[in-house]
Every structure is written in structure tokens, then in C-alpha cells.
Amino acid sequence: MLGLRAAAIACTFTLFSPTITAQDGLETEVGRALARADDGPIQRVWEIGRDVADLGEDGQEDALARAIARSAGKSDVKGRLAAAFALRDLADGSVFGKELLAVLEPVCGSENAEARAAALEILGDDDLFNRRLNPKVRDILNENLGSDLVEPSVRLAAARSLWRIGSETERRQSKDTMVEFLRSRNRTIKVDAALALAEINTDAHGPGWNVLREIAEEPTPEGRLARAYIQREREMRAAARRIGQLTLSAMPNAEDGGRFAVLRELLIRASAQHIRGESFKEDELIESAAKGLARSLDRHSTYFTSEEFQRFFFDLNRDYAGIGAFVNFDQDGDFSIVRPIYSGPAYRNGLRSGDKLLQVDGWETAGHTSEEIISRLKGPPGTQVVVQIARPGLVQPQDVPINREAIQVPSVNSELLPGGVGYLELVTFARGTAEECKKHIQELQAKGAKSFVLDVRNNTGGYLVAAREVVELFVPGRELVVYTQGRDDEERIDYHTGDRAIAPKAPLAVLINEFSASASEITAGALQDLGRATIVGERSFGKGSVQSLLPMRTAPGEDFEDKNKNGEWDEWEPYDDRNGNGKFDVGDHVKLTVARYHLPSGRSIHKEIDRTGKVLNPDWGIIPDHEIDLRELGPGDAWKNAEIFEIYKDGKFQDYVKAYLPKHEELFLQIANGDGGDVSRYPDFDEFFNELETHLDKDDVRRWLRYLIRDEVSDLRGKAYPGGRAVGDFQEDAQLQLALRLILEKDGQDIRKVPEYESVLKLTFAEDEKQAAKPKKGD
């Protein structure tokens with residue numbers, strides 16, 4: 001259907017044509033009618049289309065449809081549109097959907113905005129197109145919705161139709177487009193957007209209703225339509241109140257249904273009496289109740305919707321098949337490569353950080369969500385995808401064919417630091433983390449690493465088994481790493497090393513902070529208890545509980561064809577879309593706390609908190625052997641963050657790096673590895689600094705330029721630097737510096753005599769000794 005808006009605005013005309021029986025005569029008469037539509041104003045198209053549908057006799061519908069389709073092929077935009085109206089009126093379900101789509105498709109790209117919008121409105125009738133045609137229809141609507149070159153009225157028509165037939169993601173995108181146009185300074189566009197929002201949303205508190213109230217008294221088609229929407233909303237509210245009163249009268253009492261009746265009553269009251277009750281869906285309220293119940297058990301038990309669980313699961317299982325790149329929208333709003341995965345096919349085929357992805361297999365990315373774009377980049381390993389990229393310096397966009405591969409998102413980064421120290425950053429404890437870590441250790445040893453720093457700062461955990469496997473890389477023999485204890489004494493499970501150490505005697509330090517949790521704490525705590533490592537940094541988070549992930553039988557996942565037999569659904573595998581939302585649902589899950597971790601000494605790292613928030617065990621978490629903060633800025637330098645942010649927001653740091661990097665690649669690679677704190681190494685630094693007119697000192701500016709340089713040169717060296725900004729940078733990271741000093745001493749070295757460290761040390765030896773003698777925080 002064209003909807004209330006089109007019906008209110010369209011003018012009415014009546015045409016009369018005789019009934020015809022001969023096929024040739026039928027096609028001739030249809031052709032004449034469509035020609036009148038082409039020659040006349042757009043307002044006549046609707047009536048001409050209805051009269052064409054009345055040509056012929058009963059039983060001639062198929063012959064008439066063929067005649068309309070053939071005649072439409074010889075017609076211009078308005079004639080095609082009249083033919084589409086005729087086919088729509090003839091259609092019984094989707095019987096003429098194929099012919100209708102063929103007639104409409106050229107109109108959907110027409111320069112006649114009014115005709116184009118009307119064609120897109122027809123595409124939103126879900127009864128006209130079967131499931132086989134629906135993806136094509138949605139592609140047409142998405143193309144019109146997402147193009148900034150299309151008239152707003154056309155995009156709004158596409159948004160209305162996509163709202164009716166699209167997926168949940170497409171519906172959100174449609175509504176976002178309407179809201180975007182609602183902010184237009186053009187009154188006509190704003191009114192059209194308000195009317196479109198009213199068509200899909202009866203909430204009088206929602207966006208657009210103030211505009212409708214402003215125009216409701218105007219003697220215009222738009223004003224009449226606004227009054228109709230407002231009246232409809234009032235009637236729906238009145239009906240909802242009457243239903244609410246009836247519902248309240250049937251509400252359970254104390255004798256009905258036991259304690260579960262409480263939830264039933266809350267659902268009824270929320271729907272009938274809350275100020276926004278009609279906007280709540282019952283399944284959403286039940287989901288909120290489930291989440292609240294899980295959270296009330298402890299702070300680590302969680303109820304996951306299907307979508308939430310898929311995101312959570314990927315964080316622990318960091319592999320997929322695709323091009324191998326971190327992607328997102330850039331500051332220009334274009335979908336871009338944030339950074340390629342340097343072991344993946346995107347990097348090998350020439351894609352670099354900052355490349356804008358304009359198309360995927362000829363499908364334009366503009367106007368689409370990251371979820372939609374990423375789903376097209378992914379696919380079965382070995383299949384090819386062609387991405388079109390734009391990059392500064394390219395005369396025109398380039399098509400780059402890439403063969404998809406199985407991609408493992410790295411969970412370990414490493415760097416060989418001066419003094420023969422291997423630095424290992426563990427991002428998470430995923431299934432393959434220990435194997436990755438082993439590979440990095442062996443590569444570092446081959447380059448001359450004699451000691452190691454293991455950095456689990458900001459690592460919130462992951463698989464317990466992965467933590468055990470990382471520990472056994474450094475611990476020889478068979479040693480207890482951790483054990484879990486459930487509700488009963490017999491529910492104890494011990495986890496030992498397997499005598500597979502590859503660096504059993506190398507000096508080792510572990511860096512932790514307040515965000516190191518769970519598996520990170522097991523790793524640090526076990527190495528501390530076993531006397532294998534020195535722990536440096538800040539007290540850890542204090543999560544020593546074990547959670548089990550359990551599927552909900554009441555909300556199971558959808559069935560799929562496991563083609564690669566890995567037990568998990570992959571993007572290219574067919575599935576049974578039971579709820580028709582256009583995406584695979586893994587099903588709801590609950591994460592329940594079932595046990596506590598205990599370290600080899602028997603201590604529990606879990607921070608026990610009662611319902612009032614009082615901490616019950618003062619020895620929670622992992623307390624470092626040497627406590628020290630990051631020291632990127634001193635206590636009195638907090639003001640600098642605001643000034644740095646303003647310079648960064650204005651793009652001045654970025655502009656400097658982009659301007660000088662192409663001419664100084666080798667120099668910038670050297671600076672990224674270490675600049676000795678020397679601003680004179682930066683080309684035209686004084687000129688740049690003076691132009692900033694900042695209260696910052698030169699070293700602050702140098703530091704931030706170097707942070708950006710480290711990001712930019714990653715593509716040149718085919719490897720990302722571990723950490724981020726100060727974290728993991730031996731020049732700026734005081735925690736790392738102290739760890740380096742301690743393990744270098746065990747290796748017989750003095751950090752002050754290593755040239756790369758000498759001029760950038762943040763601690764004097766007196767300060768270090770004071771820190772080492774400082775009592776541990778046990779309260």
C-alpha cells in the first residue's frame with residue numbers, strides 16, 4: 001500500500017475504458033493508457049494504473065499482466081509507475097511480484113524524485129514479493145536510503161518501506177535516517193521526516209511529534225495528515241487505557257500462582273500504568289527481569305541475549321574467515337581500515353591503515369552499518385572478495401581482489417627491547433593464546449632475548465586453561481597452578497603444568513594493574529606463589545570466581561549446517577532463520593558463578609563484598625612485589641590532558657605526522673623505536689611547536705607526536721607496537737621501566753648503562769629503592 005500520506009496528498013481523477021477481449025487489442029489499449037500517464041502530470045498516474053487493472057474480463061488476469069509488463073517496457077517513468085499500480089492491484093499475494101519488480105526497478109533509479117519515491121513506497125508492500133525476491137527489493141531500498149546524492153523525499157520513501165520489510169538492523173537504520181532529516185533546516189524536509197516517523201511510531205513522546213502539532217491546523221494535505229496521525233494516537237491511547245483497566249481487573253493476587261505471580265503482576269502494571277507502557281514489549285521486560293536476577297546473585301553472573309553472547313563469544317574465540325583487518329568508520333564518516341592484521345591477506349594484498357572501503361563486490365558501503373559491511377567482507381576461506389578502496393595519492397579508486405582466509409585476531413603482541421628483554425603483551429586469554437605466546441617467545445629467543453616481561457595490564461581474563469598453559473611456558477616440571485572449589489568439598493579440580501616450559505630459567509617479571517582480572521590474576525598469582533616471577537605495578541581487580549556458560553533451553557539457538565565441522569556457526573554457513581530477523585541467533589545464555597579459584601598457596605584472590613558494599617577480605621587480588629603507578633603525567637599535570645585533547649581534536653598532531661612521514665620514513669621508524677627524548681630529531685619541530693601556541697612544554701608535544709608516529713609506521717614495519725600510547729613504551733611507561741630494571745639486574749645488567757634507557761628513565765635509583773621498601777597494601 002502507498003500508505004496514509006500518499007492517499008491524503010494524491011489528487012483523484014477518473015478514466016473510462018471499454019472492456020477488451022483480444023490479446024492484441026488488450027496490449028494496444030494498455031499501451032495507450034500508459035502513454036497518457038507518460039504525457040500527463042504525476043497525480044494522474046494512480047488513477048490510470050487502477051483503470052488499466054480493470055481492463056479485460058474475468059479470468060484474463062495473466063494475459064493482462066503480460067500485456068502490462070510488455071507495454072511498460074516501452075514506457076517512460078510515469079508510464080512504468082502506472083503499470084506498477086496496475087500490477088499491484090491485479091496481484092494476489094506475490095503472484096505478479098517478478099513482473100512488478102522488473103517494471104519498478106528502472107523507476108527506482110529515475111531522476112524524477114516524485115516517481116522514484118512512489119516506486120519505493122510500492123516496494124515496501126511485503127505481500128507483493130516472495131522470499132526469493134525480497135533480498136533484491138531490500139538491496140534497492142538500501143541503495144536509495146544510503147546515498148547522499150538522492151533527494152531527501154526519496155530517501156524517506158526508502159526508509160518507510162525498509163522499515164516495513166527490512167531486518168532489525170535495517171529498521172534501525174531507517175529510523176535513524178528519518179531522525180536525521182528531522183534536524184534539517186529545510187521545513188519541507190523536516191515535515192516529511194516527521195510524517196514518516198509518525199507512520200512507524202505511535203509514541204507521542206517520540207521524535208517528530210512536536211513538528212506534527214505545529215502543522216496540524218494548517219489547511220494543507222500535510223496538515224490534514226498530521227491531524228489524522230495525532231487523532232489516531234489519541235484513540236490508541238484511549239484504547240490502551242481501557243485495555244489496561246480490563247487487564248488490571250484480571251491481575252493475580254496473593255493466592256494466585258505463588259511468588260511467580262509477582263513478576264506477572266509487574267508485567268501487567270508496567271504495560272497498563274507506566275507512562276510509556278505501550279512502548280514496552282513483554283519479551284524485553286522479561287529479558288530485563290532475567291538480567292536483574294542474574295546480577296543480584298553476584299557481580300559476575302550475567303544473562304546474555306543471543307546478540308550479546310555472540311559478541312562475548314568472539315572475544316574469547318578470536319577467529320573468523322575474512323580479509324583480516326580491524327575496520328570502523330573514520331572521522332569523515334567513511335568505512336575504513338583502522339589497521340590491517342599484519343599476518344592476514346588484506347595487508348599482503350596492499351591494504352593499509354586509513355584506506356577507505358568504498359565498495360564490497362560492487363556493493364557500496366556508504367549508508368550501511370558496520371555490521372552489514374563486515375558480513376559482506378566475511379565468507380568461506382578460499383573465496384574471493386573484491387574491495388574498492390580510496391587513498392590519498394590514488395588518482396581514482398582501485399579494485400583490490402582478496403582471497404578470504406581463516407583469520408585469528410592476535411591475542412599476543414611482542415617486541416624485543418634493549419638489553420635483550422622480550423616484552424610480551426597478552427590482550428586476552430583466548431583459546432589459542434598460549435600457542436601464540438609460545439611462538440612469540442621462541443621468535444624473541446632467536447633474536448637474543450634472555451629475560452622476559454609478561455604484561456597482563458588491562459587484560460580482564462578469559463579461559464582458565466589458557467592461563468594454565470601460559471604459566472607452564474615458564475615453569476618446569478609438574479606444578480600446581482590453580483584449583484577450583486565448588487559448593488561441596490568433592491567439587492575440587494586441580495590444574496597443573498605439563499612440564500612443557502620453553503623459558504624455565506629466564507628472569508621474568510609480570511606487569512599488572514587494577515584492570516588485570518581473572519585469568520590474568522591466576523597467571524600473575526601462580527608465578528608469584530611458585531617464586532618464578534617478580535610482580536610489578538598496581539593491585540589487581542580481585543576476580544577469583546569461576547563462571548560456567550549455560551545455554552537457555554527456553555531460548556535455544558537456531559539450527560545450522562556445520563560445513564567445516566568446527567562445532568560453531570560461521571558467517572557463510574546456512575541456517576534456519578526461525579524468527580525471520582535475517583541473522584543467525586546463537587540463543588540466549590546465562591553465565592553463572594559455580595566455584596572459586598585458589599592459587600598454589602591456597603589463597604583466594606576474590607574480592608568478597610557483602611550487600612552493603614563492605615569488603616570482607618582485605619587480602620583480595622594480587623598485591624605486587626613492587627607497587628608503582630604508570631607516571632605518564634605527574635599529579636599536578638592533569639590540566640595538560642585537556643590541552644592535549646584540544647590539539648588532538650583539531651588534528652594538528654595528525655597533520656604533522658601525515659605531512660612529514662612520506663619524506664622521513666626511516667627516521668620515523670627510528671623515532672618510533674626510541675627517540676631518546678630529543679625533540680631535535682623531529683623535522684621542523686620548533687616551527688610546529690610555536691604554531692601550536694600552547695602552554696604545554698616541548699616534551700609533552702614530542703611525546704604525543706611519537707605516539708602517533710608509532711601508530712602510523714606499523715604498516716611500514718608490518719607489525720603493531722604492543723600496548724598503546726604510554727603503556728608498553730619503555731620510554732614513557734614507569735611500570736615497565738621498573739620491571740626492566742629488576743630483571744636486567746638478575747641478568748647482571750645495570751639499566752643505566754643501556755644507552756636506549758639512560759636518557760629516558762623516569763625513576764632515580766633512590767626512588768626505586770624507596771618503592772621496593774614500601775609496605776605492601778594489605779588493607
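These are my notebook entries on aromatic rings, charges and a surface patch in one structure. The model is predicted.

**Entry 1: aromatic pairs**

I started with the rings, and the count came to 15 aromatic pairs. I picked out Tyr648 and Trp704, whose ring centres are 6.0 Å apart with planes at 70°, so I wrote this pair down as edge-to-face. Planes have to be over 60 degrees apart for that label. Next I looked up where the two residues sit. Tyr648 belongs to helix 22 (residues 639-649) and Trp704 to helix 26 (residues 698-712), so the pair links distant parts of the chain, 56 residues apart.

Is Trp704 buried or exposed? I found Trp704 buried, at 9% relative accessibility. Its partner Tyr648 is partly exposed, at 30%. The cut-off for buried is under 20% relative accessible area.

I then turned to Phe685 and Phe689. Their ring centres are 6.2 Å apart and their planes are at 15°, so this pair is stacked. Both residues lie in helix 25 (residues 685-692), four residues apart, which is about one turn of the helix. Phe685 is buried at 3% relative accessible area, and Phe689 is buried at 13%.

**Entry 2: around Tyr648**

I went back to Tyr648 to see what else is there. Tyr648, Phe653, Trp704 and Tyr707 form one aromatic cluster. Which charged end sits over the ring of Tyr648? I found that of Arg725, 5.7 Å from the ring centre.

Gln654 also touches Tyr648, as well as Leu708, leaving out residues up to four places away in sequence. I located Gln654 in helix 23 (residues 652-660). Gln654 is buried, with a relative accessible area of 17%.

Elsewhere, I noted that the charged end of Lys607 sits over the ring of Trp620, 4.2 Å from its centre.

**Entry 3: helix 14 and its surroundings**

I looked for a nonpolar patch on the surface and found one of about 420 Å², made by Phe260, Val262, Leu263 and Leu266. Leu263 is in helix 14 (residues 260-273). Leu263 is partly exposed, at 44% relative accessible area.

Helix 14 came up again when I checked charges. Arg264 and Glu282 meet through their side chains in a salt bridge, 3.0 Å from N to O. Arg264 lies in helix 14 and Glu282 in helix 15 (residues 282-297), so the salt bridge ties together parts 18 residues apart in sequence. I noted Arg264 as partly exposed at 37%, and Glu282 as partly exposed at 41%.

**Entry 4: more salt bridges**

How many salt bridges are there? The count came to 39.

I looked up Arg596, which forms a salt bridge with Glu608; their closest N and O atoms are 3.0 Å apart. Arg596 is in strand 18 (residues 589-598) and Glu608 in the loop between strand 18 and strand 19 (626-627), so parts 12 residues apart in sequence are tied together.

Asp89 and Arg88 also meet in a salt bridge, at 3.4 Å from N to O. Asp89 is partly exposed at 36% relative accessibility, whereas Arg88 is buried at 17%.

I also found a network of salt bridges linking Glu121, Arg160, Arg164 and Glu199.

**Entry 5: a loop residue**

Last, I looked at Phe129, in the loop between helix 7 (113-123) and helix 8 (134-146). Phe129 is buried, at 6% relative accessible area. Phe129 and Phe96 are 33 residues apart in sequence, and their C-alpha atoms are 8.2 Å apart in space.

Methods
Residues numbered from 1 in each chain as written. Predicted model: local features only at pLDDT ≥ 70, side-chain atom pairs only at ≥ 80, totals over all residues. Heavy atoms only, no water. Phe/Tyr/Trp six-rings, centres within 6.5 Å; stacked < 30°, edge-to-face > 60°. Helix = DSSP H or I, 4+ residues; strand = E, 2+ residues; numbered from the N terminus. Buried < 20%, exposed > 50% of the residue type's maximum accessible area, 1.4 Å probe, protein only. Lys NZ or Arg CZ within 6 Å of the ring centre and 35° of its normal. Contact = heavy atoms within 4.5 Å. Patch = residues over 30% accessible without salt bridge, like charges linked within 9 Å, V, L, I, M, F, W, Y side chains within 5 Å. Areas by Shrake-Rupley, 256 points an atom, 1.4 Å probe, with all protein chains shown as cover. Salt bridge = Lys/Arg side-chain N within 4 Å of Asp/Glu carboxyl O.
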